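Q: Please choose one part of this protein and take me through it closely, from the part itself to what lies around it. I am new to reading structures, so explain the terms as you go.

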Amino acid sequence: MLLKSMVYKKHDLTTVTESNTLEQALNILEESGFRCVPILDETRKIFRGNIYKMHIYRHKANGGDMQLPVTHLLKNATKFIHVNSSFFQVFFTIKELPYIAVLDENNYFYGILTHSSLLNMLAQSWNIEQGSYVLTIASTGKRGDLAAISKIISKYSNIASCITLDVEKVEFIQRTLVTLPSLTTEETLKTIISHLESKDFKVVEIENLKEENN
């Protein structure tokens with residue numbers, strides 16, 4: 001599945017176990033260069049949470065005992081997804097975290113999904129490398145709008161990618177981002193825009209991917 005292919009597997013990761021001390025965890029974090037790493041149980045199968053470098057340093061600066069187990073500063077114990085989780089679950093769970101822990105079908109620690117992997121996936125969905133222009137098309141969001149937009153564009157061009165976003169508290173309810181293929185001419189672009197706007201779809205932004213990639 002797609003999510004599974006984006007995950008950094010357990011055997012490739014730097015982790016600590018719940019019996020490690022804060023001092024040991026800090027040394028591991030310093031050597032690895034990471035700001036946080038997963039905490040696993042002694043079998044390295046169960047995800048316990050995350051340990052952050054800044055929390056250890058704060059603890060140390062306040063005169064805290066560095067021989068306490070790493071679980072003393074454990075965070076994000078309930079922040080995880082499964083390999084079969086939907087992308088909606090991923091987006092709502094990862095939020096401000098640098099990564100989200102991923103569990104397999106048996107609830108064993110499988111690996112992590114990073115913010116950067118997620119952003120790369122979204123970038124690929126824009127099909128930037130194979131695109132020419134990205135049109136941001138505003139509509140009222142009523143039933144049939146997406147079908148109508150697609151039908152108009154398909155008269156003149158293929159659609160390289162399409163993303164629909166709901167925008168709140170603005171004049172238009174919904175924005176559809178359509179990427180046109182790389183060989184789309186400026187003349188075809190103008191024709192598509194003219195036809196869309198004649199049907200009351202407002203093209204609020206045009207991004208020229210050719211210029212941005214030069």
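A: Let's start with strand β4, residues 47-52, where five of the six residues are buried, so described because each has under 20% relative accessible area (exposed is over 50%, partly exposed lies in between, all with a 1.4 Å probe and protein chains only). The strand and helix names come from DSSP runs, numbered from the N terminus: a helix is a run of H or I of at least four residues, and a strand is a run of E of at least two. Before we go on, please keep in mind that this is a predicted model, in which local features need pLDDT of at least 70 and side-chain atom pairs count only at pLDDT 80 or more, while totals for chains, interfaces and linings use all residues. Residues are numbered from 1 along each chain as its sequence is written, and side-chain values use heavy atoms, with hydrogens and water left out.

Now to the partner of β4. Strand β3, residues 36-40, runs antiparallel to β4, and five bridges join them; two strands are said to pair if DSSP finds at least two bridges between them. One position to look for is Val37, whose bridge partner in β4 is Ile51. The two strands form a hairpin with six residues between them, and there Arg44 takes a positive phi near 60°. In general, strands of a sheet pair through backbone hydrogen bonds, either parallel or antiparallel.

Next, step back to see the sheet. It is an open sheet of three strands in the order β2-β3-β4, with mixed pairing. Its edge strands are β2 (16-17) and β4, each of which pairs on one side only. You have already met the antiparallel pair of β3 and β4; the pairing of β2 with β3 is parallel, over two bridges. Thr17 is the residue that stands opposite Leu40 in β3.

What packs on this sheet? Helix α2 does, touching β2, β3 and β4, and its direction makes about 70° with that of β4. Touching, or being in contact, means having heavy atoms within 4.5 Å. The angle is taken between N-to-C directions and can run from 0 to 180 degrees; the axes are lines fitted to C-alpha atoms, for helices over the stretch in contact.

Helix α2 has a helix to pack with as well: α3, residues 53-61. The two pack at an angle of about 135°, with their axes 10 Å apart. They are therefore oblique to each other, a word for the angles that remain once those under 35 degrees are counted as roughly parallel, those over 145 as roughly antiparallel and those from 65 to 115 as roughly perpendicular. The way α2 passes α3 is a left-handed crossing, meaning that the near helix is turned anticlockwise from the far one by less than a right angle (clockwise would make it right-handed).

Who makes the contact? From α2 come Leu22, Ala25, Leu26, Leu29 and Glu30, and from α3 come Lys53, Ile56, Tyr57, His59 and Lys60. By type, these contact residues divide into six nonpolar, one polar and three charged. Here Ala, Val, Leu, Ile, Met, Phe, Trp, Tyr, Cys and Pro count as nonpolar, Asp, Glu, Lys and Arg as charged, and the others, Gly among them, as polar.

Let's zoom in on Leu22, which belongs to α2 (residues 22-32). Leu22 is buried, because its relative accessible area is 0%. Setting aside residues up to four places away in sequence, Leu22 touches Ile51, Ile56, His59, Asp65, Met66, Leu68, Pro69, Val70 and Leu73. Ile51 may ring a bell: it is the bridge partner of Val37. Pro69 is 47 residues from Leu22 in sequence, yet their C-alpha atoms are 5.9 Å apart in space.

Finally, follow the chain past α2 to Phe34, in the loop between α2 and β3. Is Phe34 buried, partly exposed or exposed? At 42% relative accessibility, Phe34 counts as partly exposed. Apart from neighbours within four places in sequence, Phe34 is in contact with Thr14, Leu29 and Lys53. Thr14 lies 20 residues away along the chain, and the C-alpha atoms of Phe34 and Thr14 are separated by 8.7 Å. Leu29 and Lys53 are names you have seen before, among the residues of the contact between α2 and α3.
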